[in-house]
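Biologist: Before I accept the labels on this model, I would like to hear the reasoning behind them. Please show it to me.

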Amino acid sequence: MPARRSKPKPRAKKPRRVSDSLTVSVLQSTLESTADGILVVDDEGRIVSHNRRFEEMWRLSAQQIAANDSPALIAHVQDQLVDPDAFAAGVRQRYADPESDSFDILSFKDGRILERYSLPLRMDGHVVGRVWSFRDVTARRRAECVQEAVYRISHTAHMVDNLQELLGAIHEIVGELMPAKNFYVSLYDAEHDRLEFPYFVDEYDTARDIPPRKLRKGLTEYVLRTGQPLLATPEVYENLVAAGEAELIGTPSIDWLGVPLKVRDRTIGVVVTQTYSPGVRYGESERDILTFVSAQMAMAIERKRVEDAWREQSELLQRIVDNIPVMLAFLDEQGRIQWGNREWTRTLGYDIAEARERDLFAELYPDPGEQRRLRDSIGAPVGQWTDFRTRTRHGTVLDTIWANAPLTGGGWLAIGMDVSERRRAEERYRSFIAQSSEGVSRLEVDPPVPLKLPEEEQVDRVYAGARIAECNDAMARMYGFKEARDLVGTRLAELHNVNDPTNREQIRSFIRAGYRVSDSETREHDRDGRPRVFLNNVVGFVEDGHLVRVWGTQRDVTDQRHLEEQFRQSQKMEAVGQLAGGIAHDFNNLLTAILGNTQLLLRELPPGDSKRGDVEEIRKASERAASLTRQLLAYSRRQMLQPVVLDLNVVVAEMDKLLRRLIGEHIALVTVLAPGLGRVKADPNQLEQVIVNLAVNARDAMPEGGKLTIETANVDLDETFAQAHLGSVPGAYAMLAVTDTGFGMDATVRAHLFEPFFTTKEVGKGTGLGLATVYGIVKQSDGYISVYSEPGHGSSFKIYLPRIATPARAAAGPQKGGPARGTETVLVVEDEPAVLSLSRRALEAQGYVVLAASDAASALRVVERHGGMIHLLLTDVVMPGLSGRELADQLAGQRPGIRVLYMSGYPGDAVVQHGTLPSGSAFLQKPFSPDGLARKVRDLLDARP
């Protein structure tokens, strides 16, 4: 019997409390070691256990866990989620069905993604709670999304129609990976060295169409310059600004993230996303995401830009081909038509199908010789045009020109134009040129003149190389030839007087004005050597920096210039004659005394006296002098005036049409004729000459247009006026004023205005006798003339002719009685010292308190110092600095109720019409008498407001 084995001695059992504690410790360590967040709750949702990872995922504090307040915890969790309602609904579903398990995805506002698992907690076969497990899959999901985004960007690039749609799709894709509410793409334009913004979305800078801008020191330029991604937090941005690397452009953001868009080693732009919300910040993960997708973005953008450019170019070329007024056709290597554009079909009437089916050349060119010429032209040098007569499908014969160019793949591109209308226009033009009364010519310059040569050398070469290549018959006749062909081939130097400084200066002006000149005179000669004067308009044609051709028109003004010269000479001679006559008259008085005294002396000397010979010599010399004075008087042709009683208003009215033709349409003529104007006694022809001369003088002062005002009025000149204006006489006058808005004159010009031969016009443009003639006629008519003018304010000539009594209306006598006196305060502003002094003395003599100032600035200072009432402002209209009206406007605000009386050397109506004064203004015209001034002031002060 086998020995019985002894039983092993039983081990001592650990107490159950120790074993359970070890199990719990192991489980707790395992719970804390897992990467998932674990939460264990009882069947009422109270927390039983959790690990630290759960706290970190949900950003819970120990105090929040210890409070075990389920509603508060759920609210805290919901604040972090993108869809809090779905989270809460899932929790409710699990507790409503304790036996169920679940799985779903939670998306956080900060971009994190968690997988949530939920299982029932069972003990002894009963559900006593629930275990929640949370796994952070952000990195994995982002990697998957990024990979998907790269694919979607590539796919989208092939699907969208243009770059704008592509960038919008990219924005949407990036926005699924990271916060990208504010997003833009900037592309670098290397050709213009600037940034363009084809896509820009921003919650503050709401403008979508951002114009291109030159490179500056923005963050976009920094990324473009460095070629590296930039996450510009506030701290990073401040450091860049401090280092001078960046400056603020646009609305400041909290985080700014920019990544360069690179194609191979070339940076084509920058993609940027930025945030303005403290709750949305960027970190390395967002930078990495944007950097990862940027490569695919850059390739997609570059490809789409190329596609867009190609499509635009193709569309442009197609539009050009379809709409160009030129026929285009493809010919195969055998010369058969394969394709034609719209213009080809429209012009010839055939479609491409017909062209491919049969030989159209036989229909387009029925003449076999023309067909051969067409076939021979195929393959001609590029740019060589050939003329054809082409018959359309409808039987119309057109003038066409054709050229062709070889195609890379074989065949030819035929280029044709219908020039029928051009041919007809050329014929009309040539007919017009042939029938024109003006000379028209084309000069070819051979050899061409380089523009870089010195001016004088260019002049010499133009004379040496310019020949008439084409001209009309009118041009030939100007030079004494019958037909144009007789003049063609003639050198310019054979026609011009080359040594005439005027001609050389004309060529210089042509060069200086950019090889064109208008209304330029040249002195030339015809085939018989007779001098001619031509008025020229010339245009030069420049090719490759050389003057090669000159087109011009010319008009023969020889006779006109001769007549003008005769007229100028006649006027000068007339003036000289008048001067000579005056000298002869005075000298005759002297000679009368000399001759008379010599005769008396001869009577007293006995015959044989030795002194008689000397006295005889004196007598003979005096008689020769008398003979000279008689010649001077004969030369002067002094004429007697034929004065008649006339009405100046009628004279002016009858000259209206003449004056309007004389001054031209660019000048407005305004007449202001006073009713009841007194009659004058004057020679009507001479008076008309006065008005014409003044109108011509005004016209020449307004080359750009303006206004000419002719005004009449009854005027009384008193002794004071006569003393201040030498040559005038007190009395009743009819005044004729001629006022223009031209250049005006300064004091120097006014001082010599009526002198014979004095003129401000350039040589050859005036005789200097027009105003001298006016002066003489007025003086001979017992009148007086004055002029008021200032530079830039035009001129006003006033002629005073004595009024005479007529049966129709008696001459008005001077106003009886002196003007009423006054005690009011009057501010007088006048820049002419003599007028200022006269006005002050005249008003003070009538009892007024007078404040005087020489200009507006001084007047304002006087008003500021004067504390009392100022009843009336008497001011000149045109003054240095502020004008009279501007002064009145300022004083109206300071002194309400002040009355204003304007004075001027211009007629009142002309001043108002020029816009210097508002209509209805009180006005006193210079010259005025002290009594006239006092009456005007009193009337204005007594008038109702």
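The exchange below takes up the sheets and the helices that touch them.

Modeller: Keep in mind that this is a predicted model.

Biologist: How do you know that β7 and β8 are paired?

Modeller: Two strands count as paired if there are at least two bridges between them. Strand β7 (residues 194-201) and β8 are joined by three bridges, so the criterion of at least two is met. In β8, Ile210 is the bridge partner of Phe197. The two strands run antiparallel.

Biologist: What makes β8 and β9 edge strands?

Modeller: The open sheet has six strands in the order β8-β7-β6-β11-β10-β9. β8 (210-214) and β9 (230-232) each pair on one side only. Neighbouring strands in this sheet are turned by 20 degrees against each other on average, direction ignored.

Biologist: How do you know that helix α7 packs on that sheet?

Modeller: Contact means heavy atoms within 4.5 Å. Helix α7 (residues 163-177) touches β6 (182-189) and β7, so the contact condition is met for both strands. The direction of α7 makes about 60 degrees with that of β7.

Biologist: Why are β18 and β19 said to stand at the edges?

Modeller: β18 (466-471) and β19 (516-525) have a single partner strand each, so one side of each has no neighbour in the sheet. The order in this open sheet of five strands is β18-β17-β21-β20-β19, with antiparallel pairing.

Biologist: What makes β20 a partner of β19?

Modeller: Eight bridges link β19 and strand β20 (residues 531-543) in the antiparallel sense. At least two are required, so the two strands count as paired. Thr522 stands opposite Phe534 in β20.

Definitions and conventions:
Residues are numbered from 1 along each chain as its sequence is written. This is a predicted model: local features need pLDDT of at least 70, side-chain atom pairs count only at pLDDT 80 or more; totals for chains, interfaces and linings use all residues. Side-chain values use heavy atoms; hydrogens and water are left out. Helices (H or I, at least four residues) and strands (E, at least two) are DSSP runs, numbered from the N terminus. Axes are lines fitted to C-alpha atoms, for helices over the stretch in contact, and angles run from 0 to 180 degrees between N-to-C directions.
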